[in-house]
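Visitor: I should like to go through this model and ask, term by term, on what grounds each label is applied.

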Amino acid sequence: SHPDHLAAGDAAMSAVYPDSRNPFAFPELLEEGHEPWEVREIWLSAHSVSTHVVDVTEHIDLKFEALRCHASQLPDPAAMEVRVRQWMAATAAREGLPSGCFAEGYRVVHTS
């Protein structure tokens, strides 16, 4: 819930719906030959209700490598990693994945 993450999410949602399919939202793009395009679904992470889960076990180390790059936002990187691993292991277990797996849950919103 960092302000920059919220702002980026708001901007993305506004761009996706209804603007991406609206020829009047960005007339300059239409003049350049870019036709309106319909985004068919939006995947929201960290939602309280997941409708789709992705097994990310083989990418877990890369995820934490990337998260550690946010040094100014992580007062205790080791504690963050423990907490996030627990969340992702619990998501995997809830979805019936084998022990030792990690998963991310998403709320998939269909826009059409």
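Visitor: What makes the contact of Asp61 with Arg85 a salt bridge?

Guide: The model is a predicted one. In it, the closest N and O atoms of Asp61 and Arg85 are 3.5 Å apart. The criterion is a side-chain nitrogen of Lys or Arg within 4 Å of a carboxyl oxygen of Asp or Glu, and therefore the pair is called a salt bridge.

Visitor: Why is this pair said to link distant parts of the chain?

Guide: Asp61 belongs to helix α3 and Arg85 to helix α4, and 24 residues separate them.

Visitor: Why is Asp61 called exposed, and Arg85 partly exposed?

Guide: Asp61 has a relative accessibility of 53%. Exposed means over 50%, so Asp61 counts as exposed. Arg85 stands at 24%; the intermediate class lies between under 20% and over 50%, and Arg85 is therefore partly exposed.

Visitor: How do you know that Lys63 and Glu104 form a salt bridge?

Guide: Their closest N and O atoms lie 2.7 Å apart. Since the cut-off is 4 Å, the label applies to Lys63 and Glu104. This pair, too, links distant parts of the chain: Lys63 sits in helix α3 and Glu104 in strand β3, 41 residues apart.

Visitor: Is Glu104 called buried or exposed, and on what value?

Guide: Glu104 has a relative accessibility of 18%. Buried means under 20%, so Glu104 counts as buried. Its partner Lys63, at 27%, counts as partly exposed.

Visitor: Which residues are linked in a network of salt bridges?

Guide: The network holds Asp61, Arg68, Glu81 and Arg85. Within it, the side chains of Glu81 and Arg68 meet at 2.9 Å, N to O. Glu81 lies in helix α4 and Arg68 in helix α3, 13 residues apart. Arg68 has a relative accessible area of 41% and is therefore partly exposed. The whole structure has 4 salt bridges.

Visitor: Which residues lie nearest the centre of the largest pocket?

Guide: They are Ser45, Ala46, Lys63, Trp87 and Glu104, out of 29 lining residues. Lys63 and Glu104 are also the partners of a salt bridge. The volume of the pocket is about 1100 Å³.

Visitor: Which element gives the largest share of the lining?

Guide: Helix α4 does, with 7 residues. Elements that give two or more are α1, β1, α3, α4 and β3.

Visitor: How many of the lining residues are nonpolar, polar and charged?

Guide: The lining has 14 nonpolar, 11 polar and 4 charged residues.

Key
Residues numbered from 1 in each chain as written. Predicted model: local features only at pLDDT ≥ 70, side-chain atom pairs only at ≥ 80, totals over all residues. Heavy atoms only, no water. 1 Å grid on protein atoms, 1.4 Å probe; cavity = no way out; pocket = protein on both sides within 12 Å on 5 of 7 lines; lining within 4 Å. Points joined across faces, edges and corners; volume = space filled by probe spheres on them. Helix = DSSP H or I, 4+ residues; strand = E, 2+ residues; numbered from the N terminus. Nonpolar A, V, L, I, M, F, W, Y, C, P; charged D, E, K, R; others polar. Buried < 20%, exposed > 50% of the residue type's maximum accessible area, 1.4 Å probe, protein only.
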